[in-house]
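Here's a quick tour of the helices, odd backbone spots and prolines in this model. Pull up the structure and follow along.

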Amino acid sequence: MRYRPDGSFTIVQFTDLHWHNGEEMDRKTAAAMRTLLEMERPDFVVLTGDSLAGKGCTDPERSVTQLTTPLVESETPWAVVFGNHDDEGSLTRHDLMGIFQSCPGCLAEVGPSDVPGVGNYTLLIEPKEGGVPTILYFFDSNSYAPETVGGYGWIRHEQIAWYRRLSYELRRAYAARPPALAFFHIPLPEYNDVWEGGVCYGNKGEDVCAPRLNTRLFAAMVEQGDVMATFVGHDHVNDYVGEWMGIHLAYGKVTGYQTYPRDGSARGARVIRLSAGQRQFETWIRLDDGERTPVIPR
């Protein structure tokens, strides 16, 4: 992928579609996706997990084809990471990744076989005239914890070691520290820290459903100094962003109508705009009724 001639690159984050089988609420989700793509005209789209409703999908392969149709129609490149519900149906993460990869425009990868999870990979956004790219890291945040721990899964130590190794290799390759963003589904425990102790913009309508075990991915990112922001889903009525120790921790905006909240409220997407050659970005939320939140950072 490359920055535009004007030096910009726009990413739209769709999250928690919870697609079932193409019912009325799924069709409403697809309409929202089309509206948001038309309004923002992004260069790239990321689906940050729970794209599928798991056991609610009678034919996961057909459901993947249905939910990706708006992306294919728009001819926008896209990628995906898994949430905790995607593989609760009849297909494994490996099966589902193969189906996603068969859809036009998909840039997602399975990732290294010796790293836990499916979908740990990187993509690069190259400046038009060469130079240091922007790195996009994708992590499988896994599903559920063992019963002895309880709650949700976490990003494993092997995944963090994989990230550290890649970060060092990229720094050596470009003789610089390339700016980076990270995408995964389940929020880190630090999402609660930034809400409690930082300055946040947006809404917190439910508890941060982070893993009970903190494997220190955030600490690794602070030490590596490349990741500018992380983007997650999972908690449908949280959509805030805040800066913590130099990294912005951002929620997406729930996109799917086939899930909570079931109050008929507008669905949306988080939009991220990068600038070539700069270690900075802007972000906002766009709702499918056209409303846009203020741009952060200013």
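α2 passes α3 in a right-handed crossing. This is a predicted model, so to speak a computed picture. The axes of α2 and α3 (residues 93-101) come within 10 Å and cross at roughly 40°. Angles under 35 degrees count as roughly parallel, and α2 and α3 are therefore oblique to each other.

**Helix packing around α2**

- On the α2 side, the contact with α3 is made by Pro-60, Glu-61, Val-64, Leu-67 and Thr-68.
- α3 answers with Leu-96, Ile-99 and Phe-100.
- α2 (residues 60-74) also pairs with α1 (residues 24-40): their axes come within 9 Å and cross at roughly 25°.
- That angle makes α1 roughly parallel to α2.
- The crossing of α1 past α2 is right-handed.
- α1 brings Ala-30, Met-33, Arg-34 and Leu-37 to this contact, while α2 offers Leu-67, Thr-69, Pro-70, Leu-71, Glu-73 and Ser-74.
- Leu-67 of α2 is worth clicking on, since it is listed in the contact with α1 and also in the contact with α3.

**Helix α4, one face in and one face out**

- α4 covers residues 157-174, which is 18 residues, and reaches 26 Å from its first C-alpha to its last.
- That span is close to the 26 Å expected at 1.5 Å a residue.
- Which residues of α4 are buried? They are Gln-159, Ile-160, Trp-162, Tyr-163, Leu-166, Ser-167 and Leu-170.
- Looking down the axis of α4, you'll find these buried residues within an arc of 155°, so they line one face of the helix.
- Turn α4 around, and the face pointing away from the buried side carries the exposed residues His-157 and Arg-172.
- The cover over the buried residues of α4 includes two strands, β4 (121-125) and β5 (134-138), along with α6 (217-224) and β8 (227-232).
- Right after α4 comes Ala-175, with a positive phi near 50°.

**Positive phi outside glycine**

- Glu-75 isn't a glycine, yet it has a positive phi of about 60°.
- You'll find Glu-75 in the loop between α2 and β3 (78-81).
- Is Glu-75 buried or exposed? With a relative accessible area of 72%, Glu-75 is exposed.
- Asn-142 is another non-glycine residue with a positive phi, in this case near 65°.
- Asn-142 sits in the loop between β5 and α4.
- At 12% relative accessibility, Asn-142 counts as buried, the cut-off for that being under 20%.

**Cis prolines**

- Tyr-260 and Pro-261 are joined by a cis peptide bond, with omega about 0°.
- Look for Pro-261 in the loop between β10 (247-251) and β11 (268-275).
- There is also a cis peptide bond between Ile-296 and Pro-297, where omega is about -15°.
- Pro-297 belongs to the segment after β12.

**Gly-290**

- Gly-290 lies in the segment after β12 (281-287).
- Its relative accessibility is 28%, so Gly-290 counts as partly exposed.
- From Gly-290 to Pro-189 is 101 residues in sequence and 32 Å in space, C-alpha to C-alpha.

Notes
Residues are numbered from 1 along each chain as its sequence is written. This is a predicted model: local features need pLDDT of at least 70, side-chain atom pairs count only at pLDDT 80 or more; totals for chains, interfaces and linings use all residues. Side-chain values use heavy atoms; hydrogens and water are left out. Helices (H or I, at least four residues) and strands (E, at least two) are DSSP runs, numbered from the N terminus. The expected span of a helix is 1.5 Å times one less than its number of residues. Buried means under 20% relative accessible area, exposed over 50%, partly exposed in between (1.4 Å probe, protein chains only). The arc is that of the directions from the helix axis to the C-beta atoms. Contact means heavy atoms within 4.5 Å. Axes are lines fitted to C-alpha atoms, for helices over the stretch in contact, and angles run from 0 to 180 degrees between N-to-C directions. Angles under 35 degrees count as roughly parallel, over 145 as roughly antiparallel, 65 to 115 as roughly perpendicular and the rest as oblique. A crossing is left-handed if the near helix is turned anticlockwise from the far one by less than a right angle, and right-handed if clockwise.
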